[in-house]
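Subject: Structure handover and what turned up in it

Hi,

Here is the structure I promised to pass on. My notes on what was found in it follow below.

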Amino acid sequence: MWNPATYLQFQAERDRPFFDLLGQVAMQAAPQTVLDLGCGTGHLTAALAQRWPSAQVTGIDSSAEMLAQAPALPNLRFVQADLSSWTPPHAPDLLVSNAALQWLPDHDRLIPRLAALVAPGGTFAFQVPGNFDAPSHKLLEEVRGSRRWREQLGASERDKATLASFGPERYTALLTACGFRVNAWETTYLHVLPGPDAVLNWVRGTALRPVLNRLNAHDAAEFEAEYAAQLREAYPVQPYGTPFPFRRIFVVAQRL
């Protein structure tokens, strides 16, 4: 289960990459069909509907909790579905995904499969975190792999070592082979997060969520306290807040 309030605690920081991605989408004609894969609460999907009011815009997400927060606009609808298997009834002119594809495995197959959905001349634009080598992720894996927790938690749901190997060059090679012209880049944002245990509060909305879901309330509190202590060392608080570097990968690809 996803908690929309927890996820959106840092809404400005989480939303910014979406608009940086969208700023590089330059289509010769206004799209008629737009899909947003992993749309979450749908507030960013609404931005797509407002930018292209003549398009039919659809947001897809697996979380009923997130979709319950979705806004209403005349050209906007939402579908609850599993991104790993869902296919659209019509080829989209624009396929967008913001910070969602990292939850799906095997990008060597996933990216070409999604690219094949795009209409000729259409655009595939996505953004994924590129911070799987960051202390926030490494420490999480170290704690869950410790003697105290490994039997209860088992292996990670995601192959983070493989995801860490993907960057602009690898995504460019995949999509070029699929017949796309690719604009790919990376950015490291330096978020300055307010309040105590700020990085812990950030990961509560994302990477920590599936770990705590496997534990009862007592164990979840113990795990979180152990992880929080290590995060405080890795990301020391400064007088102005907690600096939190966050690398992201961006791809805007046009089907030829």
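The lining of the largest cavity has seven nonpolar residues, two charged ones and one polar one. Please keep in mind that this is a predicted model. The residues around that cavity are Asp197, Ala198, Val199, Leu200, Ala228, Leu231, Arg232, Tyr235, Val237 and Thr242. Two elements contribute two or more residues each to this lining, namely helix H10 (198-204) and helix H12 (217-234). The volume of the largest cavity comes to about 60 Å³, and the structure holds four cavities of 30 Å³ or more.

Tyr235 leads on to the aromatic side of the story, since the name turns up in the cavity lining and again among the ring pairs. There are 12 aromatic pairs in the structure. Two of them may be handy for you, and as a reminder, a pair of aromatic rings is described by the distance of the centres and the angle of the planes.

- Phe124 and Phe126 make a tilted pair, with 4.9 Å from centre to centre and 40 degrees between the planes. Phe124 has a relative accessible area of 0% and is therefore buried; Phe126 is at 0% relative accessibility, so this residue counts as buried too.
- Tyr235 and Phe244 make an edge-to-face pair, with 5.4 Å from centre to centre and 80 degrees between the planes. Both Tyr235 and Phe244 are buried.

The Tyr235 and Phe244 rings also belong to a cluster: ring pairs link them with Phe10, Trp202 and Phe246. Phe246 has a charged partner as well, as the charged end of Arg248 sits over the Phe246 ring, 4.1 Å from its centre. A second arrangement of this kind involves Arg170, whose charged end sits over the ring of Phe166 at 3.8 Å from the ring centre.

Now to the strands. Which strand has five of its five residues buried? That is strand E4 (residues 94-98), so E4 is largely enclosed by the rest of the structure. Leu94, Val96 and Asn98 point one way from E4, while Leu95 and Ser97 point the other way, and all of them are buried.

E4 has strand partners that can be followed residue by residue. With E1, strand E4 pairs in the parallel sense over four bridges, and Asp36 stands opposite Val96 there. With strand E5 (residues 123-129), E4 runs parallel and is joined by five bridges. In that pairing Val96 stands opposite Ala125.

Strand E1 (residues 33-37) is mostly covered, with four of its five residues buried. E1 also pairs with strand E2 (residues 56-61), again in the parallel sense, over five bridges. The bridge partner of Asp36 in E2 is Gly59. Asp36 can thus be looked up in two pairings, opposite Gly59 in E2 and opposite Val96 in E4.

One last residue for your viewer is Leu163, found in helix H8 (residues 160-164). Is Leu163 buried or exposed? Its relative accessible area is 12%, and because buried means under 20%, Leu163 counts as buried. Leu163 and Gln102 are 61 residues apart in sequence, and their C-alpha atoms are 7.3 Å apart in space.

Happy to talk any of this through whenever it suits you.

Best wishes

Key: Residues are numbered from 1 along each chain as its sequence is written. This is a predicted model: local features need pLDDT of at least 70, side-chain atom pairs count only at pLDDT 80 or more; totals for chains, interfaces and linings use all residues. Side-chain values use heavy atoms; hydrogens and water are left out. On a 1 Å grid over the protein atoms alone, a cavity is a set of points where a 1.4 Å probe fits but cannot get out, and a pocket is an open set with protein on both sides within 12 Å along at least five of seven lines; lining residues have an atom within 4 Å of a point. Grid points are joined across faces, edges and corners, and a volume is the space filled by probe spheres set on the points. Ala, Val, Leu, Ile, Met, Phe, Trp, Tyr, Cys and Pro count as nonpolar, Asp, Glu, Lys and Arg as charged, and the others, Gly among them, as polar. Rings of Phe, Tyr and Trp (its six-membered ring) pair if their centres lie within 6.5 Å; planes under 30 degrees apart count as stacked, over 60 as edge-to-face and the rest as tilted. Buried means under 20% relative accessible area, exposed over 50%, partly exposed in between (1.4 Å probe, protein chains only). A charge sits over a ring if NZ of Lys or CZ of Arg is within 6 Å of the ring centre and within 35 degrees of the ring normal. Two strands pair if DSSP finds at least two bridges between them.
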